[in-house]
Amino acid sequence: MNVAITGAHIVPVTAEPFDGTIVMTDGQISALGPKARIPKGHAVLDAEGGWVLPGFVDAHVHLGVHEEGEGWAGNDTNEMTDPVMAAARALDAINPLEKGFDDALAGGVTSVNVNPGSGNPIGGLTVAVKTWGRVVDEMVLKSPSGLKAALGENPKRVYGDQKKTPSTRLGTALTIRNAFVEARNHGAKDDAQQHLVNDALLMVLNREIPWRQHCHRADDIATALRMADEFGYRLVLDHGTESWKIADLIAEKGVPVLYGPLIVSRSKVEVRDRIAAAPGILTRAGVDVSIITDHPVVPIDFLVTQAALAVKEGMDPEAALRAITINPATVMGVEDRVGSLEKGKDADLVLWSGDPLDVRNRVLRTFVSGDEVYSWDPDTRQATWANRF
């Protein structure tokens, strides 16, 4: 259905906000502006002064691979039988019918990057998907969108308990370096046969996809920067709990940080210096920052709540909105389709009752590819999701 939303305060993110109209035609944004023309045959929705923003983007979740309330039966996050699982794909474990996808739509989140977990030094290939669809193949924005790896406590605990390498931080770094050297040697052979692990690592070495490095402590972040210099890949820092301590060094390298989750306890040593002021500190240092939930660690519908918390602790509001829209879309390599309101981009947009950084406001309607997939009735206080089938 083709729809025009009128009477809205429109926040494109990459351009100045304005009051006016946005038009969705055949799944894309076809026009927007104070006096955008509405084509004949389009349904018209009066926003009555509500705010329209791009659908939010969370670049680090385990949505669909770590199903809430399902215990071990719904947890397919880590394949912890080998330290190097570069060829494993999050794509193959996503259940799009998990309740978290409905929560995403209710929270205005229309695109996510689904990651394997951090139990392995090299955990597997990530995938960027929309949060609406029947089967994951229909939801894919980009596959693969990165290769997940981990430094710090998690891999050394997992394999140390198994009395295997790696059981230390130095062993974890060695495991990663050995894998890259083997892949590089494999790629140099003229007659190299297909090898799923090496082929995945070569995508990183050839800078086709980013290296998504889970790390918290400043010393682990320094190791991540050191190895990126050694092998020349595109580095993204996932979590980066202590990144604010060395923000200038990270900015100098031009490495983006996916900070979070923010609304969590200090559950282990390496996250004890987690602070809500970090996204603002990083942004002011010149780092491209995204805010993440790590769903289900923080429920995905609290993505914007974390952004509001960062603003409370000093982050510029415009920067906070970029941190849950265009910045994560860029990390995922899908900024040409989502993350801002621009003509020609996917019609993934959300009508809010007001400024989403005010936690008293809520999502009224969510559109994915121009289809209304979620609505909230203020009179009955009832939520409705479109039928996936």
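Two strands pair if DSSP finds at least two bridges between them. The views below come from a predicted model.

**View 1. Strand β14 and its two partners.** Strand β14 covers residues 349-352. Strand β5 (residues 51-54) runs antiparallel to β14, and four bridges join them. Within that pairing, W51 has W352 of β14 as its bridge partner. β14 also pairs with strand β15 (residues 363-368), again in the antiparallel sense and over four bridges. Here V350 is matched with T366 of β15. The side chains of β14 alternate: L349 and L351 point one way, while V350 and W352 point the other way. All four of these residues are buried.

**View 2. The open sheet of eight strands.** The order of the strands across this sheet is β6-β7-β8-β9-β10-β11-β12-β13, and the pairing is mixed. At the edges lie β6 (56-61) and β13 (289-291), each of which pairs on one side only. On average, neighbouring strands of the sheet are turned by 25° against each other, direction ignored. One pairing in the sheet is that of β10 with strand β11 (residues 235-239), which is parallel and has five bridges. In this pairing W211 has L235 of β11 as its bridge partner. Helix α4 packs on the sheet and touches β8, β9 and β10. The direction of α4 makes about 170° with that of β10.

**View 3. Helix α4 and what covers it.** Helix α4 runs over residues 169-187. Its 19 residues, at 1.5 Å a residue, should span 27 Å, and the end C-alpha atoms are 27 Å apart, so the two values agree. An α-helix has 3.6 residues a turn, so residues three or four places apart point the same way. The buried residues of α4 include T172, T175, I176, A179, F180 and A183. Among the elements that cover the buried residues of α4 are the strands β8 (122-130), β9 (140-150) and β10 (211-215). The helices α3 (153-161), α5 (196-205) and α6 (218-231) also take part in this cover.

**View 4. A buried salt bridge between D346 and K130.** Side chains of opposite charge can pair when their charged atoms come close. In the salt bridge of D346 with K130, the closest N and O atoms are 2.7 Å apart. The pair links distant parts of the chain, as D346 is in the loop between α11 (326-332) and β14, whereas K130 is in strand β8, 216 residues apart. Both D346 and K130 are buried. A network of salt bridges links K130, R337, D346 and D348.

**View 5. A salt bridge from a loop to helix α4.** The side chains of E270 and R169 form a salt bridge, with an N to O distance of 3.6 Å. This pair also links distant parts of the chain: E270 is in the loop between β12 (257-259) and α8 (278-285), R169 is in helix α4, and the two are 101 residues apart. E270 has 0% relative accessibility and therefore counts as buried. R169 has 22% relative accessibility, so R169 counts as partly exposed.

**View 6. A salt bridge between two helices.** D229 and K253 meet through their side chains in a salt bridge of 2.7 Å, N to O. D229 belongs to helix α6 and K253 to helix α7 (residues 247-253), 24 residues apart. K253 is partly exposed because its relative accessible area is 41%. The model has a count of 19 salt bridges.

Key. Residues are numbered from 1 along each chain as its sequence is written. This is a predicted model: local features need pLDDT of at least 70, side-chain atom pairs count only at pLDDT 80 or more; totals for chains, interfaces and linings use all residues. Side-chain values use heavy atoms; hydrogens and water are left out. Buried means under 20% relative accessible area, exposed over 50%, partly exposed in between (1.4 Å probe, protein chains only). The expected span of a helix is 1.5 Å times one less than its number of residues. Contact means heavy atoms within 4.5 Å. A salt bridge is a side-chain nitrogen of Lys or Arg within 4 Å of a carboxyl oxygen of Asp or Glu. Axes are lines fitted to C-alpha atoms, for helices over the stretch in contact, and angles run from 0 to 180 degrees between N-to-C directions.
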